Amino acid sequence: MGRPEIVGEETPQSPFPIEVETTVSSGFGRGSSELGIPTANISPELLEDLDPGVYYGWASVALSKETDPNDKNAKVDFNYGKDLGDLADKVFPMVMSIGWNPFYNNTKKSAEVHIIQKFHCNFYGAKIKVAVLGYIRPEQSYDNVDSLIADIKWDIKVALKSLERPDYQACKQLAQF
Ligand code: RBF
Ligand code: MG
């Protein structure tokens with residue numbers, strides 16, 4: 001495969017860390033169903049300064065007290081994080097994809113966070129806090145979906161390894177509400 005297992009310097013480099021606090025929206029509806037890798041979609045405008053690509057860092061999700069009437073038109077069930085239980089407010093490693101998903105030829109830019117933790121529920125409409133600490137690779141197109149999945153699994157390994165470093169561990173609290 002030839003990809004390194006660890007990326008970047010021993011310490012997060014400018015413009016990182018980048019912190020974003022927002023609400024989970026609904027995406028293209030492919031993450032869980034087609035790839036088995038669910039993603040929490042957030043507004044890409046919040047990360048406008050970042051080039052398209054794959055990034056890593058920390059994230060947490062929590063119950064939202066605000067309900068958006070626009071969500072009533074969504075195709076998915078918004079529970080605003082009510083079912084999160086123990087997993088609310090805990091910080092986990094994350095990988096994030098920003099861009100146009102060349103494999104799917106999206107016309108709309110997206111920013112999607114995959115939290116590296118098994119969740120038993122959806123959390124559309126929940127609050128999410130993300131600390132982006134580094135860049136992994138550019139977005140690519142693939143011959144088949146299995147190659148895309150294999151690369152995302154490698155991204156997850158890279159994120160976990162890269163976050164073990166002390167200066168990245170020290171940034172964990174940046175994703176805490
Ligand atoms: N989509 C692509 O078309 N090319 C990629 O290289 C790519 N890398 C991704 C890396 C990660 C860590 C994640 C979470 C997603 C990535 N995606 C990529 C997006 C993927 O196609 C998307 O999550 C699903 O289609 C659901 O919207
Ligand atoms: Mg998604």
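This report describes the surroundings of ligand 1, the two largest pockets and some backbone features in a predicted model.

## The shell around ligand 1

Ligand 1 has 21 residues around it, and those that come nearest are Arg30, Phe103, Glu112, Arg137 and Gln140. When the residues of this shell are sorted by class, 10 are nonpolar, six are polar and five are charged.

Several secondary-structure elements contribute to the shell, with at least two residues coming from each of α1 (residues 31–35), β4 (92–99), β5 (110–115) and α2 (145–163). Of the contributors, α2 gives the most, supplying three residues to the shell around ligand 1.

## Polar contacts and cover of the ligand

Three of the nearest residues, Glu112, Arg137 and Gln140, also appear in the polar contacts described here. On the side-chain part, an oxygen atom of ligand 1 lies 2.8 Å from an N or O atom of the Glu112 side chain, and an oxygen atom of the ligand is 2.9 Å from an N or O atom in the side chain of Arg137. The contact with Gln140 involves the backbone instead, since a polar backbone atom of this residue is 2.7 Å from a nitrogen atom of ligand 1. Taken on its own, ligand 1 has 540 Å² of accessible area, and the protein covers 99% of that area.

## The largest pocket

Where does ligand 1 sit with respect to the pockets of the model? The space that the ligand takes is the largest pocket, which holds about 880 Å³ of space. This pocket is lined by 43 residues, and the closest to its centre are Gly31, Ile37, Pro38, Thr39 and Glu112. Glu112 is thus named both here and in the side-chain contact with an oxygen atom of ligand 1.

The elements that give two or more residues to the lining of the largest pocket are α1, β2 (residues 40–42), β4, β5 and α2. By class, the lining divides into 23 nonpolar, 14 polar and six charged residues.

## The second largest pocket

The second largest pocket encloses about 240 Å³ of space. Its lining includes residues from Ser25, Ser26, Gly27 and Phe28, from Asn41, Ile42, Ser43 and Pro44, and from Lys108, Lys109, Ser110 and Ala111. Two elements, β2 and β5, give two or more residues to this lining, and both of these elements also do so for the largest pocket. In the lining of the second largest pocket, four residues are nonpolar, six are polar and two are charged.

## Backbone features

Two cis peptide bonds are found in the segment before β1 (residues 18–23), where both Pro15 and Pro17 are located. The bond that joins Ser14 and Pro15 is cis, with an omega of about 10 degrees, and the bond that joins Phe16 and Pro17 is likewise cis, with an omega of about 0 degrees.

A further backbone feature concerns Tyr80, which has a positive phi of about 60 degrees although this residue is not a glycine. Tyr80 lies in the loop that runs between β3 (residues 53–62) and β4, and β4 is one of the elements that supply at least two residues to the shell around ligand 1.

How values were computed:
Residues numbered from 1 in each chain as written. Chains lettered and ligands numbered in written order. Predicted model: local features only at pLDDT ≥ 70, side-chain atom pairs only at ≥ 80, totals over all residues. Heavy atoms only, no water. Near = heavy atom within 4 Å. Polar contact = N/O pair within 3.5 Å; in protein donor to acceptor, adjacent residues only side chain to side chain. Areas by Shrake-Rupley, 256 points an atom, 1.4 Å probe, with all protein chains shown as cover. 1 Å grid on protein atoms, 1.4 Å probe; cavity = no way out; pocket = protein on both sides within 12 Å on 5 of 7 lines; lining within 4 Å. Sits in = over half its atoms within 2 Å of the grid points. Helix = DSSP H or I, 4+ residues; strand = E, 2+ residues; numbered from the N terminus. Nonpolar A, V, L, I, M, F, W, Y, C, P; charged D, E, K, R; others polar. Points joined across faces, edges and corners; volume = space filled by probe spheres on them.
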